[in-house]
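Hello,

Here is the structure I said I would pass on. My notes on what turned up in it follow below.

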Amino acid sequence: MTRTLWPLLALSLACSDKSGDDTNSSGTTESDADADSDADADADSDADADSDADADPEFTAQLSGKVGNEDGLPKESVQMRLCQEACRTVWPEEDGTWTFEELPPGWHALEAVPLASTETDSTVLAPVYIEDGQQRALDGTIKLYAFADKVNLSGEKDITLESGLTVHTIAASFTPGATSATPDPYLAGVRVDPGESALPFDGITGTVLAMWYLGNYDGHISPAWAFTLSDTLGLTEGQSVEVYAANYEEATWTPAGTATVNGGVLVSSEGGGIPLLTTLIFVAP
């Protein structure tokens, strides 16, 4: 989906001599007066309509929350963005609180963007669904974490992040997204506790067991990169989780196959893997 920023009737009287009767002359005068009265009424009606429009915005839904660093404290140079057909931006208050107002209903892409450096700090992305007229406040503080690892891509190689996530990367499969800060292909990541993220998981059924913020942010991967995870997340041999990646352009969670415990590690399914370098979640169905 493409983001983008939001007869007068003339009366003609036939010429006649001054000997025309008084009745016709009087009738024309009354007709003009009625027309003027109607015009004034229409003007008043338009003014009332404008006043009502100003008083009652088309949309009344709101979304609010709080953003901070990984310790939950206010963080400088963070911009909140909420994108549907157009992107709205707000700067958090000094305490990290923020509010989006007059929102249309439907799916939106919620972002917390670190403007100082998207190569060292993760960008947060989550799809969120807004109901018509809803006044929604997110619980907790959305936290921006510094990347734990960052490796430039070249050729085809396995990259293991500190969290035990090993990704089979192919540089030729990487394409920067519409909001990628740089076209340079690299893999960066930090593992985040989903219970402390304060992110909405709208549209997700099941329990989110694990989550990562990945970069180069909004990088598109095709075909998807296969991966393994040394942490089985408490699952036993043969059990599986569903894999999803936050999709900025579609404002949805993109299904990315499954990962199954095989030989004591989680292994991505054939054809599945990592399709986007954004928020990655593993969900127990």
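To begin with one residue: leaving aside neighbours within four places in sequence, Ile142 is in contact with Lys66, Val67, Gly68, Trp98, Leu110, Ala112, Val124, Ser197, Ala198 and Leu199. Please keep in mind that this is a predicted model.

Two of those partners come up again in the nonpolar interior. The largest nonpolar core has 42 residues, and Ile142 is listed with Leu63, Trp98 and Leu110 as having the most contacts inside this core. Strand E6 gives the most to the core, with 5 residues. A second, separate core has 27 residues, and among them are Phe227, Leu229, Leu235 and Val241. As background, nonpolar side chains in soluble globular proteins tend to be buried together.

Next, the sheet. E6 also belongs to an open sheet of 4 strands, in the order E3-E2-E5-E6, where the pairing is antiparallel. Its edge strands are E3 and E6 (124-130), each of which pairs on one side only. On average, neighbouring strands in this sheet are turned by 25 degrees against each other, direction ignored. In general, strands of a sheet pair through backbone hydrogen bonds, in either a parallel or an antiparallel sense.

At the E3 end of that order, E2 (residues 78-83) and E3 (residues 87-90) pair over 4 bridges in the antiparallel sense. The link between E2 and E3 is a hairpin of 3 residues. Two of the pairings can be named: Leu82 has Arg88 in E3 as its bridge partner, and Cys83 stands opposite Cys87 in E3.

That last pair deserves a question: what joins Cys83 to Cys87? A disulfide does, with an S to S distance of 2.0 Å. The cut-off for calling a disulfide is 2.5 Å between the cysteine sulfur atoms, and by this rule the count comes to 1 disulfide. The torsion about the S-S bond of Cys83 and Cys87 is about 110 degrees, so the disulfide is right-handed.

Are the two cysteines buried or partly exposed? Cys83 has a relative accessible area of 0% and is therefore buried. Cys87 has a relative accessible area of 21%, so Cys87 counts as partly exposed. The cut-off that matters here is 20%, since buried means under that value.

In short, there is an open sheet of 4 strands, a disulfide joining Cys83 to Cys87, and a largest nonpolar core of 42 residues with a second, separate core of 27.

Regards

Notes. Residues numbered from 1 in each chain as written. Predicted model: local features only at pLDDT ≥ 70, side-chain atom pairs only at ≥ 80, totals over all residues. Heavy atoms only, no water. Pairing = 2+ DSSP bridges. Buried < 20%, exposed > 50% of the residue type's maximum accessible area, 1.4 Å probe, protein only. Axes fitted to C-alpha atoms, helices over the stretch in contact; angles between N-to-C directions. Core = buried A, V, L, I, M, F, W, Y, C linked by side-chain atoms within 4.5 Å. Contact = heavy atoms within 4.5 Å.
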